Every structure is written in structure tokens, then in C-alpha cells.
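Q: Please take a close look at the side-chain contacts here, beginning with the charged ones. Follow them wherever they lead, and give the geometry along with the burial.

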Amino acid sequence: VKSDGRNNYQFFEKNMQEEAQERISLLSKLRVALENQELSLNYQPQYDSTGTQIIGAEALLRWEHPELGFVSPARFIPLAEDSGLIVPIGEWVLNQACQQAIKIQQTGIPPFVMSVNLSAVQFRKGDLVETVKKALATSGLEPQYLGLELTESLLLKDQKRLLQMLSQLKELGVQLSIDDFGTGYSNLSYLKRFAVDKLKIDQSFVRDMENDTDDYALVTTVIQLAHSLGLEVTAEGVETQQQMQMLAELKCDEFQGYYFAKPMPADEFVLYLQA
Ligand code: C2E
Ligand code: CA
Ligand code: CA
Ligand code: CA
């Protein structure tokens, strides 16, 4: 097909404009999503090294708009970050997850770590340490049962302030994990400096580890690295029994993924735990 450069350009420009319009319209909807109670959390269980015991759960944000239906986090989280809305939303997530963890404990289920995703923006704006303290105090959740997942990219900037905030969070007694490990920055020296407890191997490496020898090598290296630093490793995105077995052979500590269970709404998750 012979392409007409000018038409392509116009087409491209129109798409950019549409895209920008869509973002603006979505952002205005997101601004009222909290008040309108359109946000909720799903929970995905995390299993121990034998794949039989639930030792944690990750809280994952969901947005259901009355007309648009479910909007993917991949679409609205970046908007929430750019606009700063992630600060109040993130505070809501922390409170909600802590309250849900307490509700689960009250049903007699043995306590486990409830993990929440944090955006880098929450470290720059607002008072994250205070927000975490309040969420713990209001809910009554003991700090060792709260996990915070941070991405590697966060550790690039503003090291001094970040270091201070992370040690304050650590002092509270919460668990800290590096999310999507392996996808970001390659200078690993930060692992020594920051008081993290756990690495989460990104699902992109787990996905192909059965067939791709590079991914297999990477997963192996991450697990060895973590263990040599005294850190635990969670594999995310585990979808098959073979992946689980390979990871178990490599002494991976925890598993999370569709092979075990998909993220579920709170009420469904409680039933799942009781089953
Ligand atoms: P993430 O933290 O890496 O979360 C894991 C994502 O993988 C989730 O997507 C989860 O539903 C999905 N997943 C879990 N198991 C499997 C599996 O076996 N196979 C596959 N293909 N996927 C699996 P989700 O819920 O769409 O969330 C996407 C991202 O949005 C999260 O990635 C996280 O970065 C962000 N996010 C979600 N909730 C929050 C939140 O409350 N705050 C912030 N700041 N970010 C959030
Ligand atoms: Ca995560
Ligand atoms: Ca991930
Ligand atoms: Ca991610």
C-alpha cells in the first residue's frame, strides 16, 4: 500500500487530539469518582513457598464508572498521578485496605499481610508517613500486617528525602517491597541502602520463563540476589503449574497469580478465604 504522507500526518494529529480530549474527559470523571463511591478494591491472595497457605493479599484498585463501566488501572492511574489525585485516592486505598484486613481478621481467619501499591507521587506530595500512621491507628491493624509496594523508579530521585521516608515507614513496623523488580533501574546498590524486605519479580519475566532462557536466567539471578541480601522474593503473574514448579525449585518464597486466584471483590475474597 502506497501511503500518503500528508494524510497520515492528519490522521495522526486527529488521533492525538482525540486522545487528549479523552484524557481530559476521563480526568473530570475521575475527580468525582471517590465522592460517588465508584472506586473499590479487589484482593488477590499470595501463597507460601509450598503453594498451599495464604500468607498475604494485594489490594488492587478498581474504578467502575456508571456509563463507561470498568476503566483499567493502566488507564486511570497515570491520570491520577499526573493530576495529583493519586494522593487522596491513595489515602482512601490505604484506609480501605487496612479496614478490610481487620474485617477479615475478625472472622477468625489467621492474620496475613495486606499489601497496598504506592505511587512515587505519594512520596513527593502529601504526608505519606502520617497517612499510613493514621490508616493503622483508625483501623487498629497491627503494622506488621500492612505491606507497601513501591516501584524501582521511585528510588531514582530525591534519594535523601526518600531514604528518610522509607526508614520512617520501616520504623512504624510495616513491610516494604519493591514491585516489578527487574524492569527498572539497574543500579542495585540501593537495595543495601533502603530498608526493604521483599522483591516482587515482574510478571513479564515469569510469563516466558518456561521457554525463554534469558528470562529464566533473570528470574534465577533475582532470587539468588534477594536471598544473598536477606530479602524474600514473590513471583507475580504465575499462571501455570509449570511456572510454579520451576519457581519453587529456584526457592522462590511466595507466589501470586491467576494459577492460584484472580483478584476478587472483598465479599468474594472473604468467602474464598473461608472455603
Ligand atoms: P501491579 O502492582 O504489578 O499489580 C499486578 C497486576 O497484575 C494487577 O493488574 C493484577 O490484576 C495482574 N495480575 C495478577 N495475577 C496475574 C496473572 O497471573 N497474569 C496476569 N496477566 N496478570 C495478573 P491490575 O489490577 O490491572 O493493576 C495494574 C497496575 O495498576 C498494578 O500493577 C499497579 O501498578 C497499579 N495499581 C493497581 N492498584 C493500585 C493502587 O491502589 N495504587 C497505585 N498507585 N497503583 C495501583
Ligand atoms: Ca503491586
Ligand atoms: Ca507488577
Ligand atoms: Ca506494575
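A: In this predicted model, Arg75 is partly exposed, with a relative accessibility of 41%. Glu22 is likewise partly exposed, at 40%. Glu22 and Arg75 form a salt bridge whose closest N and O atoms are 2.7 Å apart. This pair links distant parts of the chain, with Glu22 in helix H1 (residues 5-31) and Arg75 in helix H2 (residues 73-83), 53 residues apart.

The structure has seven salt bridges. Another one of them joins Glu149 and Lys200, at 2.9 Å from N to O. Glu149 belongs to strand E5 and Lys200 to strand E7 (residues 198-201), so this contact ties together parts 51 residues apart in sequence. Here both partners are buried: Glu149 has a relative accessibility of 2%, and Lys200 has 1%.

Lys200 also forms a salt bridge with Glu236, where the closest N and O atoms are 3.8 Å apart. Glu236 sits in the loop between strand E8 (232-235) and helix H10 (241-249), while Lys200 is in strand E7, so the pair ties together parts 36 residues apart in sequence. Glu236 is buried, as is Lys200. Through shared partners, salt bridges join Glu58, Glu149, Lys200 and Glu236 into one network.

Two members of that network, Glu58 and Glu149, recur at a metal site. The calcium ion (ligand 2) has as its protein donors Glu58 (OE), Asn117 (OD1), Glu149 (OE) and Asp179 (OD), at 2.2 to 2.3 Å. Among these, Asn117 lies in strand E4 (residues 113-117) and Glu149 in strand E5 (residues 146-151), so this pair ties together parts 32 residues apart in sequence. Asn117 is partly exposed, with a relative accessible area of 27%, whereas Glu149 is buried at 2%. The donor residues follow the spacing E-x58-N-x31-E-x29-D. The calcium ion (ligand 3) is 5.2 Å from the calcium ion (ligand 2).

One charged contact involves a ring: Lys262 lies over the face of Tyr258, 4.7 Å from the ring centre.

Ring-to-ring contacts add six aromatic pairs. In one of them, Phe112 and Phe269 have ring centres 6.3 Å apart and planes at 75 degrees, so the pair is edge-to-face. Phe112 is in the loop between helix H3 (86-106) and E4, and Phe269 is in helix H11 (residues 266-274), so the pair ties together parts 157 residues apart in sequence. Both Phe112 and Phe269 are buried.

How values were computed:
Residues numbered from 1 in each chain as written. Chains lettered and ligands numbered in written order. Predicted model: local features only at pLDDT ≥ 70, side-chain atom pairs only at ≥ 80, totals over all residues. Heavy atoms only, no water. Donors = N, O, S within 2.8 Å, 3.2 Å for Na, K, Ca; no water. Helix = DSSP H or I, 4+ residues; strand = E, 2+ residues; numbered from the N terminus. Buried < 20%, exposed > 50% of the residue type's maximum accessible area, 1.4 Å probe, protein only. Phe/Tyr/Trp six-rings, centres within 6.5 Å; stacked < 30°, edge-to-face > 60°. Lys NZ or Arg CZ within 6 Å of the ring centre and 35° of its normal. Salt bridge = Lys/Arg side-chain N within 4 Å of Asp/Glu carboxyl O.
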